[in-house]
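Colleague: Before I use this model, I want the reasoning behind its labels. Take me through them one at a time.

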Amino acid sequence: MSRPRGAAVVLASAGSGKTYSLTTHFLLLVAAGVPPERVLATTFTRKAAGEILDRIFARLVRAARDETERAKLDASLGGVVPTRERAAELASDLARHVERCRVMTIDSFFVVLARAFAAELGLAPDWRIADEFHAARARDAAVADVLERESPERWILLLRELARAKTSRAVHATLVASVRDAHELFLESDADAWAALSPPARADEATRERLSKALAEFVPPLTKQGKPNQVWAKALVKVRERFAGEEWEPLVKDGIAAKVIAGDAAFASQEIAPEARALFAAVVEVAAAEVGAALERQNRATREFVDHFDARFAARLAERGWLRFSDLPRALSDDPSSARDVAAELAWRLDAELDHLLLDEFQDTSPAQWRVLRPLAEELAADGSGEKSFFCVGDTKQSIYGWRGGDPRLLEGVARWPTVERRSLTVSYRSAPVVLDAVNRIFADLSASPAFVEHAGALAAARKFQFEPHSAHATELSGVVRALFVEALAEDEDGKPKAAGAEAIRSACRARAVEHVEELVGRAPRATVAILVRRKAQIGPLVYALRRRGLAASGESGNPLTDAAAVQVALSALHLAEHPSDTAAWFHVAHSPLAATLGIAWGMDRAALRSRARKLREHVLARGFAATLESFRPAFGDASAWEVRRFERLIEFAIALEADLAAAASSSIDEFVARVRDERVEDPSTASVKVMTIHAAKGLEFDAVVLCDLAFQFEKVPPALVWRRTEEDPLREIEAVSRDATDSIREALAFSGAPKLAELRLATSTRAMYDELCTLYVATTRARRELAFVLPSVDPTKRKYDPATIVAHALGFTGRSAGEPWLFAGSDESWVDAFGAPGASERGGEDAVRDVRFSRGAGARAPASVAPSRRALAGAVPLRLLFAPAGPARRRGSRLHLWCAEVEWLETFTAGDDELLERARAAELGGPELERDLADFRRLLRTDAARAVLSRATHPGEVEVWRERRYVLPVGDDEAGADGEVERGAFDRVVVDRTARRARIVDFKSDAGLDGEARIAERVRHHAPQLLAYRAALARILELDASAISAEVWFLEAGVVREVE
Amino acid sequence: MGEIRREFLGFERPLLDHVVERWCASLAPDADTSRTLFVLPGGRAARELEARLARKLERSRPPPTLITEGRLAEALSRAKLRFASPLERTLVWRAVLAELTPTERSSLWRGADGSGAPGGPGSLARAAARAFVELAGHALEPDDVAAHLARTARADEARWRAFARATAAYRERLARRGAVDPADAARHVLARSLARSDLHVELVGCVDLPQSARRLIATLALPARAWVFAPEELRDAFDAFGGLVIDAWADRDIPLSTERWRVARGPDDQARVVAEQLARLAPELAPSDVAIGVLDREVRPFLERRLAAAGVDTRWAAGRPFGVTALANLLGSIERFVADRRFEDFRALLVHPDVETALERDLGGSLSGLAETLDAYAAASGPARLGDAFAPGAEQTDELASARDALFGLLGEFVRDARLPLAAWADEFARLVAEICDSVDLGAQDPGGWDRAHDFTAFAEILAELREPSIADFVCDAKTALALVAERIASVELPPPPRSGERPNLDLVGWLELPLDAARVAFVVGFDEGNVPRPATESAWLPERLRAELGIGAARARVARDVWIATVLARTRTTWWVSSKKSLSGDPRTPSRLVFRAERDMVVERLARAFVDEAEAATPGAATVRPVVPPKVAAAPLQRLRVTAFRAYLASPYRFYLEHVLGLVTVAPRVLELDALRFGVLAHDVLQAFGESELARSRDVDAIEAFLEARLKRAAERALDPARHAAVRVQLEQLASRLQRFAAWQARSVDEGWTIEHVEWSPRAPVLLETRLGPLQLTGRIDRIDRHVTTGAWRVLDYKTSDGGKPPEKTHRRGKRWVDLQLPLYRHLVRELVGDAPVALGYVALDAGQDDDLGKLATWKDEDLAVADAVAREVAERVLAGEFDEVGDDEPDDPILAALCGFGLAASGDRADAEVDE
Ligand code: SF4
């Protein structure tokens, strides 16, 4: 078969083999002989990327080893793997050049691009990705910068607008929070979008007066009894007051105005007459205009602030050459060269033509990312040659990263491309039929569910949720879908029943879930079981409860390491080191196993405490965090296994941080502690019961899934900003952004002809609700055999919009209560039978190697060397001297030394001045005073000392002269050849008399200030170790006795020669 | 041209031993061994060869010279070359680039047309320096690249022409200063015919000698010799210089043993595999028989830990980065401080242990508790920067001022806005560090002392660079000088300390050093794709395809070299290979492609191990947990209790115990604005002054406003730092606007007949709360007590500055439960003042809203208050009885208090907060 061509979009439901179809496409390409480097496959997490590569190899390897597997592979690839040898060949060719497989995350692909195009994009040459911690610090700094730039009065006004007329004390914190929300939107919108609310025009004074007069004169309608309606009268008073007092929000919130807005015919059972309606409509309009104007001011203020912030934030990041992942697609689409031939440009930069693009999890792609990839995708999709392909897989139902910018509508859009073949996969290879039946029931007809009727956003989301019924590949597989209920009532103080608090319900659900899991594990010990939750905070308590019951459980999404007491104490100790006045930290450390290690006791003297703190600070500075924490470790010797394990993770965390030099160099104690508190660290293990968030479970599957976090309200805290894109097209610009207001204000605005805010709110809410539906879908489709819902009883009449209600209505178990667990039709408890026999017992922690015993010796290989000149160094040297510049004195010394070494014998020394000067210059010893020094050298040669050293006459007979001769000798007597230290040195001058078996060493020294014998003797003593080492070395070289060698120092400046004893 | 003889030494023996033996044997009796130049690929190999020569070469012969490839040109030059120091190179590049036209600069790097460049000054210079070094190694000129691009009609020609101009200017400037870029040395020697003619060059295992070095060797007068670590039958796989023929190696199979290849789970697991195998093999070996090659720096700390636990010490032969030493940290703190003068950095400097010691020396020990002082001041006065003065009214002002002066004395020119030549900065650095760190023992042999000695020696070298005449007169400010030094420091590696004594000792070495190492047993750790072969460094200017077209393709050459290394390791010793599936951060890893350079069946087997079978080794099972018991110590029973403390007890008896019985206080590490407490204190100070003033009875809103404003200003000036955070300035404005609302309300309340009778009032006689366990004294200070002029009614008011402005009913009770007793208990405090008269209780809410009615009086009935009293008595009893075990549900904001209360622990049971997150 030929290579796959053209463009395909695979809409793959959960469990239908998304990765499988992607790897199939990849393998088809490879089998058709496409060089792998021409294929780019991207996904969203590194883990997923690793998995794709794993699967590619696993399929080939299995086929190479096993005929059945080969046949399977061959079938899926349409006959290109006729033999196992062929499979082996494909596997081996790919593996030999595994680097050519460009299977990576979309982020890393952008990193590659941004590095390659750094010069064209104008990125910092050494840019790097800023981690979240540093980004947050830069954000803080940018907010402070913005504040500094304007006068406080100015910001007061702005803040008031930002915070809806309230001026909170926590200025910095408030601003940072609002900037976080608004910044990404700011980057995707222009100024007009922030001024798109178009509220009704504000009423002028005259109109307001007229209305206020009309209100004053308005007579409430008469009751049937002919009396003025009292309710009307009272309401009217309120309206007048509020109108006069400009209390617009309350004005439109209730009373007659609210009825008029809602279009109701009557208020307080009395019809609203047309004149009344007109009057109140006018009043509402005034209110709407005022509130709208206020919102517009807020929007303007927000944008203004974010605008300033953006500039400062960018500058703060740029100072350090930092970029965030989310900056990359923007930077890349900012490339002025993007008009060029994309594919060719990429090929040149990346050293490969990209002919095939495979995109995984396409629903999570953000518009910004797509803008970068789309030109390439379009080019490939439109190619008619059959040499290129575009392939993308996704599931709009699993789009749970909306908060990160992922937009499922992109997938829908691509599926509509004319050249694209669209396939959809609905057969699940994962779940039992009963599980799929339940999934079908829940999602098939969402918009008809009573749970949705009162929530416009939810309803819109439900309508958008495209669901085709799933069917099971393995139709005979048994399974169970069940619901377990907890008591939703509690007793109040007087013992009367009342609705239980949210926390009480959560806690009851957790307890029931744990109970069920315990029972399940008892029946099906070999099954994998997961409890999936919506919120990370639920994980800790669940894991704890499971472990308390002796179940091997692990929390997978990652908590901060502070979930272990040992880590908390270690952090307190570090904090105390930096802040000794934190008595809470003192108390904490003093009552921990670290107390003894650190010598910190409760009630000890403050000065002593301070000095301990300082010692610890010193330790951290000198040895680093990892080593410091390591030194804490023995203190936790008898902590529980959990504590020990988490503490290990802490050390690893420190190691990783310190491996990153840029981070380590500036990391203060405060920063380290803050980072540890921030960062979530997984605790991977083989425990058969996993507890994790639904988000973390994406892409995973389990034999049994328990959902116990269903009773929370969606959109409990609605976002502060609402927005939408033009025509709701994800690639179009953001059309409008606004701060949100209350329901009644949105309605009042819409009533007054300004529906924008309501539309924005609806769009925003729809997106959020869509995400929630996807989350529920992901959660329910993780199960292979059993799906259990744990929830409070759901009142059949209540229209609450939460997952529990949706599920209960769809599956028909509303109204059930704690006593009556519910089973879905078709459930078959016998599924557990296949998982009955207990598996191999879980392997515990391995035993670390305790002892490595070598047969002999202790030395490592690489020899160290010692130099005699270093022997003179022992003892404290003032840094002042060490750092002193090499002054003229040193330079002069070097020159004299150099020239003296030129002399073999005084008598035969003929070098002229020019030659000597040239020597000095060639040796980088030129400069001022050179000639004067030379003159001094000439004078020096005429001294007695020079004669004593250099004159041939002092050495009658046949002698050799060595000048500046280096030597290298093994240290010690170990001549056998084992590696060891060597001694390295150089003699200034040696005269060897081989006949007499004698030798003489002279070392030139330029010590200054040698006035008087005492001083000379002192310097001789100072140099003695070096000279004696030379003598010993020479003795070995010449195989002479040391006593036959004289070692002398020639003090050039003082003109004396002294023998060393 | 001198010829090159190749000697193929086979794979039977370690290369260096073999070279030494053959070379020594080949020496003529009268050969002058000092004229031999051995060239080795790395410093470690050079040292090993030297040691072997020291043993094998007759002692009477002078030792030959040994150098690494990088120093070849220098060693072959007749004239001593003055290499430009790194600093000099940096500065010259900067200057040269600045002299290009804006168009040229922006053709080099978009955005570099102006004065700055993306990434700050120097970043473009670094990019240029890198490109220069790379081209020079390949003996290419930028113009060659430009010409090539022009020929192939590529777009970047302008860039390379600009770079050519910069390069010429760079060389020219260096030459004017008599200096050469080390990377350019070979070209320099050739161009000036400086090569010595009297040296025998012996290339030892130099398989990828750079082009520039080859050119130089090719011109030598005496024949050179290449010692090749491979058998004769691989002749054709090596070129004339004994270098690898890339095509002969890049795709070759590697005979590594499947039995000795492991796939581990992650870094720690790799370390475990090594430790296990080592424990098994060690009894047959000496430490010197073992080499551990670490290809992945992530694994190193784990190896060190695992082996240390097994009784073996390790040394990272590559040394440690200067950038993470205490000295570098100190300089970094100074740099940060000098840049912005942020208070945070001021603090960091003062509590740096060495600075603290130095200051104590200067100030005679008067600085104890400086850390505390700084924290207290930061919290109370909100300083953003170190300004000219401190808050005059703050307690810590004097102490801080003297510390500041002492510190400034130490910092000298660094804090004086000086612009000095680099040589002068060098003196300043020298003075500063010498004053702080005093002296050093350069001969120290203990690891700490040894490290310190090398820190300072390296620093002295950097100072010498600053003083080099060619740059010594470069004038700059302190910030630039510090940044230059920091950049230098970041590139220095310090040698590892000497081995310790008794325990067996292993060196951890790099991949490139392994082949020439003589160990019989080698471990290759981190044998993963990405670690080996290393990916080509992504270069913005030299994409790999361009490199390939220019014949300097880096990627394939690197693969060829790595295949050779792996082959050597596989053929010449027992080598264990450890790959892994995961990185430290949990990201997936794949074994190196080199593992799969084998026969097809073997590849399938290996692939199965890596991708199908479970990675070996146990993953830890679930760990047991144990509940954590909050610590307690015996404390003297309380005699008295502030009325405000009841709230704390009701919320959490244990936290009450911590904060009110033990009196623990916490310190926030970062202060960016005033916290609720300090904000409230400011407001209270102003309002107290107001209550005591004449204006307390005034109805003149303007006058009151003016008074409050002036008072606030004064209070702020006294209490707050002049260089306070901008957020604090905004907070003050806010407080001012809250006080404006207060002024209006106050005037109205005078209108309504209320007079302020007392402010900040406390009872004289003790007020006792009788309980079954005896009396407890109630204490408290009441913000304000009003009396009505006509009715004589009393009201007790508490100023509240929290944002919410909740009425007392909401703050004191949750449902029917009393959660705060402050106002009800005020009734008892004021008895001595009001007798049995009824007292109204309430707040004056200086909240964040815009409501004019600040007065919020409570509407409790007497029955309610009676319950409150009963609750108070119960609390008092429980306090007296020492009942503090209960922790309550609210997690304290402070993480340490939270930890003490047991929050956040996996082992703390059923607690979880409610917000939805992803
Ligand atoms: S050398 Fe010592 S005295 Fe100086 S900065 Fe470093 S640890 Fe401090």
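**Cavities**

Colleague: Which elements of chain A each supply at least two residues of the lining of the second largest cavity?

Modeller: β16 (529–533) and α32 (756–780) of chain A do. The largest contribution is from α32(A), with 4 residues. Bear in mind that the model is predicted.

Colleague: What is the volume of the second largest cavity, and which residues are closest to its centre?

Modeller: The volume is about 100 Å³. There are 15 lining residues, and A:R534, A:I694, A:D709, A:L710 and A:L776 are the closest to the centre. By class, the lining splits into 11 nonpolar, 1 polar and 3 charged.

Colleague: What makes a space a cavity, and how many are there of 30 Å³ or more?

Modeller: A 1.4 Å probe must fit there but be unable to get out. By this rule, 6 cavities reach 30 Å³ or more. The largest cavity holds about 150 Å³. Its lining has 16 residues, and those closest to the centre are A:V968, B:A54, B:L57, B:R61 and B:P63.

Colleague: Which elements give two or more residues to the lining of the largest cavity?

Modeller: β28 of chain A and α2 (43–56) of chain B. β28(A) has the largest share, 5 residues. The lining counts 10 nonpolar, no polar and 6 charged residues.

**A pocket**

Colleague: What is the volume of the second largest pocket, and which residues are closest to its centre?

Modeller: The volume is about 1600 Å³. Of the 36 lining residues, A:R963, A:E964, A:R966, B:T65 and B:R196 are the closest to the centre.

Colleague: Why is this called a pocket and not a cavity?

Modeller: Because a pocket is an open set of points, while a cavity is one the probe cannot leave.

Colleague: Which elements supply at least two residues each to the lining of the second largest pocket?

Modeller: From chain A, α36 (888–902), α37 (913–922), β28 (960–970) and β29 (982–993). From chain B, β2 (36–40) and α3 (72–76). β28(A) gives the most, 6 residues. The classes are 14 nonpolar, 6 polar and 16 charged.

**The ligand shell**

Colleague: What surrounds the ligand?

Modeller: B:A326, B:L327, B:D354, B:C437, B:R452 and B:F456. Two elements of chain B give two or more residues to this shell: α14 (326–340) and α20 (447–467).

Colleague: How do you know which of these residues are nonpolar and which are charged?

Modeller: Ala, Leu, Cys and Phe count as nonpolar, Asp and Arg as charged. The shell therefore comes to 4 nonpolar, no polar and 2 charged residues.

**The sheet in chain A**

Colleague: What is the strand order of the open sheet in chain A, and what leaves β3 and β10 at its edges?

Modeller: The 6 strands run β3-β2-β8-β9-β1-β10, with parallel pairing. β3 (102–105) and β10 (420–425) each have a single partner strand, so each has one side without a neighbour in the sheet. On average, neighbouring strands are turned by 15° against each other, direction ignored.

Colleague: How do you know that β8 and β9 of chain A are paired?

Modeller: Pairing needs at least two bridges. β8 (residues 356–359) and β9 (residues 389–394) of chain A have 4, in the parallel sense, so they count as paired. In β9(A), A:F391 stands opposite A:L358.

Colleague: Which strands does helix α5 of chain A touch, and which does α17 touch?

Modeller: Helix α5 (residues 106–116) packs on the sheet through β2 (39–43) and β3, at about 105° to the direction of β3(A). Helix α17 (residues 367–382) packs on it too, touching β1 (6–12), β8 and β9, at about 130° to that of β8(A).

**The sheet in chain B**

Colleague: What makes β6 and β8 the edge strands of the open sheet in chain B?

Modeller: The order of the 6 strands is β6-β16-β15-β7-β14-β8, and the pairing is parallel. β6 (261–264) and β8 (313–316) of chain B each pair on one side only. The twist from one strand to the next averages 25°.

Colleague: What is the evidence that β15 and β16 of chain B pair?

Modeller: The test asks for at least two bridges. Strands β15 (residues 521–525) and β16 (residues 574–580) of chain B have 5, in the parallel sense, so they pass. B:V524 has B:W577 in β16(B) as its bridge partner. Helix α12 (residues 267–281) of chain B packs on this sheet, touching β6, β7 (290–294), β14 (505–509), β15 and β16. Its direction makes about 160° with that of β16(B).

Note on methods. Residues numbered from 1 in each chain as written. Chains lettered and ligands numbered in written order. Predicted model: local features only at pLDDT ≥ 70, side-chain atom pairs only at ≥ 80, totals over all residues. Heavy atoms only, no water. Near = heavy atom within 4 Å. 1 Å grid on protein atoms, 1.4 Å probe; cavity = no way out; pocket = protein on both sides within 12 Å on 5 of 7 lines; lining within 4 Å. Points joined across faces, edges and corners; volume = space filled by probe spheres on them. Axes fitted to C-alpha atoms, helices over the stretch in contact; angles between N-to-C directions. Contact = heavy atoms within 4.5 Å.
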